[in-house]
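This report describes the fold, the surface pocket and the packed interior of one protein chain. Individual residues are taken up where their surroundings or backbone angles merit attention.

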Amino acid sequence: MYRKWGVGLRAILMTLGALVVCLVIAGVAANLWMVERTRGRIDHQLSQCVEAPVGIVFGTSLWSRQGGRNPYFAARIEAAASLMRDRRVDHLLLSGDNRTRYYNEPVSMWRELRALRVRDVDMTLDYAGFSTFDTLVRAQAVFDVERALLISQAWHLPRAMFIADALGLKVEGCAVQDEEADGIWRLRAREWLARLATLGDLYLWGREAYFLGPEEPLVIAKPPRVSAQAVAASLHLQNEKNLQEEKEQEGQSSTSGGVDADVTPPEGGPEGEGREEASGSLSAAGTAHE
């Protein structure tokens, strides 16, 4: 009797082992497929990212698990603001999670970008971007996006672009530069599994977005006008600043006996956050979460 139990247990363990091996092989294959399929369309320098009418910013938490500011959130916001200033994108779709009134990724992104001087008319908030899949489905079905630049970390873009390709969206990837935070191995492991699950979402069980709602096509505003006088004044101020810095460096060199002195970059930039509530084009999903 015990011998029969032993044989049965061995058969079960061998079956489980075979399943694990198959899952590992499938996971490796899925990851290689997505990475190789999208590698040539991901730019790792903001200055090289292609121009697009819409930039999609994927939401993430403002704060890290350790309690500090989330570097991945900050990197996406800074990249999005830079792309808007350079007019590489004409409009930003801020898509994230808003499952409760106490957690609102789109509004957090909106406030940060507002502090970086991005206009309200250049941003649309999507409150039902509960996942990468939902964000991209809604971008196409709700906001009528056909071509976009995806703004996120390099390890996240292959899966996002793979989903967009399957949906028929024309996308390019813009990988943001950031510092790796604690727990990066956990994020990469989760992303590795998510790529495998994405194949099931697209080709096996027919996943659908959690919430769609009515169509709200994006309204892309005209870029702000800059007069020739303003450009000339800006160049004049920049030249004066450069001359002043050169004089200061020469003075420091003469007082230090010809040894170059360390130059501390001037501090500055906007402080604080916008305190007004989000306005403009908001998705209908906001009502569903109240």
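The account below moves from the overall fold to the pocket, the cores and a few single residues.

**Overall fold**

The model is predicted. Its protein chain contains 8 helices and 6 strands, arranged along the sequence in the order α-β-β-α-β-α-β-α-β-α-β-α-α-α. Of the 290 residues, 37% are buried. When contacts between residues at least 6 apart in sequence are considered, 78% of them link residues at least 24 apart. The accessible surface amounts to about 17800 Å², and carbon and sulfur atoms account for 55% of that area.

**The largest pocket**

The largest pocket has a computed volume of about 940 Å³. Its lining comprises 39 residues, with G59, T60, W155, L187 and R190 lying nearest the centre. Two or more lining residues come from each of α2 (71-85), α4 (132-141), α5 (157-167) and α6 (184-203). Among the contributors, α6 gives the most, namely 8 residues. Sorted by class, the lining holds 12 nonpolar, 16 polar and 11 charged residues.

**Nonpolar cores**

In soluble globular proteins, nonpolar side chains tend to be buried together. The largest nonpolar core in this model has 27 residues, and L92, L94, L113 and I151 touch the most other members. At least two residues of this core are supplied by each of β2 (52-58), α2, β3 (89-95), α3 (105-115), β4 (123-126) and β5 (147-152). The largest share, 8 residues, is that of α2. The helix α2 also gives two or more residues to the lining of the largest pocket.

Which residues does L94 touch, not counting those up to four places away in sequence? They are V57, P106, M109, W110, L113, M123, T124, L125 and D126. One of these, L113, is listed with L94 among the residues that touch the most other core members. A second, separate core has 24 residues, including F143, L169, A209 and L218.

**Helix α4 and A160**

Helix α4 is mostly covered, with 8 of its 10 residues buried. The buried residues are T132, F133, D134, T135, L136, V137, R138 and A139. Two of them, T132 and L136, are in contact with A160, a residue of helix α5. Beyond its neighbours within four places in sequence, A160 is also in contact with F58 and L150. The C-alpha atoms of A160 and L150 are 7.9 Å apart, although the two residues are separated by 10 positions along the chain. Because its relative accessibility is 0%, A160 counts as buried; the cut-off for that class is under 20%.

**Positive phi in two loops**

Most residues other than glycine have a negative phi. The table sets out two loop residues in this model with positive values.

| Residue | Phi | Loop | Relative accessibility |
|---|---|---|---|
| R117 | near 70° | between α3 and β4 | 71% |
| D144 | near 60° | between α4 and β5 | 47% |

Are these residues buried or exposed? R117 counts as exposed because its relative accessibility is 71%, and the exposed class begins over 50%. D144, at 47%, is partly exposed. The loop that holds R117 follows α3 and leads to β4, both of which supply at least two residues of the largest nonpolar core. The loop that holds D144 lies between α4 and β5; α4 is the mostly covered helix described above, and β5 is another supplier of at least two residues to the largest nonpolar core.

How values were computed. Residues numbered from 1 in each chain as written. Predicted model: local features only at pLDDT ≥ 70, side-chain atom pairs only at ≥ 80, totals over all residues. Heavy atoms only, no water. Helix = DSSP H or I, 4+ residues; strand = E, 2+ residues; numbered from the N terminus. Buried < 20%, exposed > 50% of the residue type's maximum accessible area, 1.4 Å probe, protein only. Contact = heavy atoms within 4.5 Å. Areas by Shrake-Rupley, 256 points an atom, 1.4 Å probe, with all protein chains shown as cover. 1 Å grid on protein atoms, 1.4 Å probe; cavity = no way out; pocket = protein on both sides within 12 Å on 5 of 7 lines; lining within 4 Å. Points joined across faces, edges and corners; volume = space filled by probe spheres on them. Nonpolar A, V, L, I, M, F, W, Y, C, P; charged D, E, K, R; others polar. Core = buried A, V, L, I, M, F, W, Y, C linked by side-chain atoms within 4.5 Å.
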